[in-house]
Amino acid sequence: MPFMKGNAPIRRTLQFLEAGKLVLKDQIQIFAVNYNVYGDHHKGARDFVFWHLPQVQYKNPHVQIATFKNLTPSPFIKCFYENGHQMLIDVDSKSKEEIYDHLVDVVGKTKEVLRAEAIAREKKDNPANFGAHCDKHCICEIPGQVPCPGICPLPNHMRGKFINAKE
Amino acid sequence: MALAAATKSLQLIGECVPCVKQNASKFKIKRLELDQHLLMYFRKDDYIFAHDPEKKCKTGDIVLIEKLPEKLSRLITHKVKEIVYPLGDVTDPFTGKNVVAGKFRDQIDKVNQAYGKLPTGFDYTKAPKRGWQEDKKDFSHVETYAKYHEDGKDQPYSV
């Protein structure tokens, strides 16, 4: 790891950031962690913020992640949903692994959903695919292809109603 | 709840900062921005004006704001939804009791009683609501500046 200065610089590697397991559900807009800088029962929360918060923000670039220090005697995580609901998660005296796994179960997208999303993203990347969720809706949008029959009608020898019409 | 899901409300959580505008409060939104070379997240502050006609939010409160469907003015784009943690008056979400940093207020009261309560000590139950000294001794609700020009007009917020 070249140019890796500071405390635990492995947190700053792309491999570590990509290895984040927690992808928050689409509904969540704010992820707030409240913890104290002192106290043994806050140690898990502190470690979670130190190790896993960059991973969470990397996987969820559109979620606002906020930390509040030394507000309350007990540590907690609060998730704010789009529809106004708030989810309160108690992380008192839990280790950072426990907190992370709990979050993945409760507010994270499941592996199946992530797999389906990865496939959908692949489909979108392939320019040979048309239709919903793809870049182009129809092959008629590409210059050089047959133009859309809805805009300029096909010549009669290509139209079924003329081919099949009885003289 | 289908209709509620259809109305996407972009929510943000921010800290109230001093603001001179009427009907609006300024909020500092702390965001994390990835530095591509260091691959490290650094704090980036955005300032947002939110519609607050009664001026419920005082400087230092942590507030949840919601984006308005239409901008009220060029700068006022959000509205205040709820004050999550008012400054000095935080409630612990699990027990519902009032808290001061890492201690419960009733715990502090008990300790004070055991050691002997000072008459000059701050009493939460008897203290007036925040803002009673505004414009007299408390100038945290506006941005004060060093007076740079004496033009005869009254400049209440210049130092």
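User: Why is the sulfur of Cys152(A) not bonded to the closest cysteine sulfur, in Cys148(A)?

Analyst: A disulfide is a covalent bond between the sulfur atoms of two cysteines, counted here when the pair lies within 2.5 Å. In this predicted model, the two sulfurs are 8.0 Å apart, too far for a bond. Cys152(A) is partly exposed, with 33% relative accessibility (buried is under 20%, exposed over 50%, partly exposed in between, with a 1.4 Å probe and protein chains only).

User: How far is Cys57(B) from its closest cysteine sulfur, and is Cys57(B) buried or exposed?

Analyst: The closest sulfur, in Cys16(B), is 5.4 Å away, again too far for a bond. Cys57(B) is buried, at 6% relative accessibility. Over all chains, the structure has zero disulfides.

User: What do the strands of chain B form?

Analyst: Five of them close into a barrel with mixed pairing, in the order β1-β2-β3-β5-β4. Strands are DSSP E runs of at least two residues, numbered from the N terminus, and two pair if DSSP finds at least two bridges. Strands β1 (residues 11-17) and β2 (residues 24-35) of chain B run antiparallel, joined by three bridges; Val17(B) stands opposite Lys26(B).

User: Which part of chain B has pLDDT under 50?

Analyst: Where pLDDT is low, the predicted coordinates should not be read in detail. On this 0 to 100 confidence scale, residues 1-7 of chain B stay under 50. Chain B averages 87, and 95% of its residues reach 70 or more. The complex has an ipTM of 0.83 and a pTM of 0.79.

User: Which conventions apply?

Analyst: Residues count from 1 along each chain as its sequence is written, while chains are lettered from A and ligands numbered from 1 in written order. Local features need pLDDT of at least 70 and side-chain atom pairs 80 or more, whereas totals for chains, interfaces and linings use all residues; side-chain values use heavy atoms, leaving out hydrogens and water.

Terms used
Helix = DSSP H or I, 4+ residues; strand = E, 2+ residues; numbered from the N terminus. pLDDT = per-residue confidence, 0-100. Contact = heavy atoms within 4.5 Å.
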